[in-house]
Amino acid sequence: MRLAGRTAVITGGTRGLGRAIAERYLAEGANVVAAARSPYDFKEVLDAHPDRARMEIVDVTSADSLDALMASAQAGFGTVDVVVANAGVSRDGRVEKLPEDHWRDMVDTNLTGTFLTTRAAVPVLRERGGRIINVSSSMATRVAVGAAGYCATKAAIEMFTKVSAIELGRMGILVNALAPGIIDAGMGHALKSNDKAWETYRTRFSLGRAGRAEEVADAAVFLADQGSSYVNGHVLEVNGGLLWA
Ligand SMILES: NC(=O)c1ccc[n+]([C@@H]2O[C@H](COP(=O)([O-])OP(=O)(O)OC[C@H]3O[C@@H](n4cnc5c(N)ncnc54)[C@H](OP(=O)(O)O)[C@@H]3O)[C@@H](O)[C@H]2O)c1
């Protein structure tokens, strides 16, 4: 029970990696508010933890929506201790063809959404210190053809994490990022399930396999619990040892 008595807000917490983090935090004793634009099929988790799990509707591109989310989480559980800025989208397309609205969707959700989540989190986290965990990607630091918008927004999230860590550390808020590789869940599942695409990626992993959502959740527990109390401004890669020229 590494997170007993703590409350976590997880954007994009209804499915994919966010859901795995939500379920793992619940298993570690935390109260969890999973937030996304749609309820998806989160009922099973709510039924399993009626006192400690909640689902809220949020759009991370809206400051008002995020302020309301933090206020609701605080009102419901008394405090907010951990905020995971996990909501993200990926829209493939080479730069000469990528529609402007797809580009804007990635910038608004991934980058502006992370900024707005952080800004909304500060007033509730600074009361007694806390953690912000931003979800980046291996693609923040590696070239992926057809993924310029995704790579660029994730790279920006990593620098945003480092600057935020310095600015917010003095308030007792630690800010770190997780950079998953290809995980067999959420948006990584489609790639893993595409035999042709996966063949080009498979050999790049020293472990020879995609990651599991639970392995990302393990790292998210570390960045939320006491074991990382002197870790600030770090990007933790969870990619099985990735060689990506
Ligand atoms: N899976 C991987 O292999 C992998 C690898 C590296 C990094 N990541 C990162 O991990 C994070 C989670 O991705 P995933 O793979 O789990 O993808 P996913 O299954 O598509 O989940 C994305 C989550 O974000 C939510 N979301 C999207 N736009 C939102 C918005 N504007 N406001 C609120 N919530 C929003 C979605 O819910 P709604 O659509 O209902 O809003 C959903 O819950 C992302 O940041 C992604 O870039 C994933």
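Here's a quick rundown of the ligand site and of how confident the model is.

What you're looking at is a predicted model, with a ligand sitting in the largest pocket. There are 29 residues around that ligand, and the mean pLDDT of the protein chain is 96.

**Who sits around the ligand**
- Arg 15, Leu 17, Arg 37, Ser 38 and Tyr 150 come nearest to the ligand.
- By residue type, the shell splits into 13 nonpolar, twelve polar and four charged residues.

**Polar contacts to check out**
- The side chain of Arg 15 has an N or O atom 2.7 Å from a ligand oxygen.
- Tyr 150 also uses its side chain, placing a polar atom 2.5 Å from an oxygen of the ligand.
- With Met 187 it's the backbone instead: an N or O atom there lies 2.8 Å from a ligand oxygen.

**How the pocket wraps the ligand**
- On its own the ligand has 880 Å² of accessible area, and the protein covers 94% of that.
- Helices α1 (16-27), α5 (148-169) and α6 (187-193) are the elements that give two or more residues to the shell.

**How far to trust the model**
- In the protein chain, 100% of residues reach a pLDDT of 70 or more.
- Confidence is highest in strand β4 (residues 82-85), at a mean of 99.
- Helix α7 (residues 195-202) has the lowest confidence, at a mean of 86.

Conventions:
Residues numbered from 1 in each chain as written. Predicted model: local features only at pLDDT ≥ 70, side-chain atom pairs only at ≥ 80, totals over all residues. Heavy atoms only, no water. Near = heavy atom within 4 Å. Polar contact = N/O pair within 3.5 Å; in protein donor to acceptor, adjacent residues only side chain to side chain. Areas by Shrake-Rupley, 256 points an atom, 1.4 Å probe, with all protein chains shown as cover. 1 Å grid on protein atoms, 1.4 Å probe; cavity = no way out; pocket = protein on both sides within 12 Å on 5 of 7 lines; lining within 4 Å. Sits in = over half its atoms within 2 Å of the grid points. Helix = DSSP H or I, 4+ residues; strand = E, 2+ residues; numbered from the N terminus. Nonpolar A, V, L, I, M, F, W, Y, C, P; charged D, E, K, R; others polar. pLDDT = per-residue confidence, 0-100.
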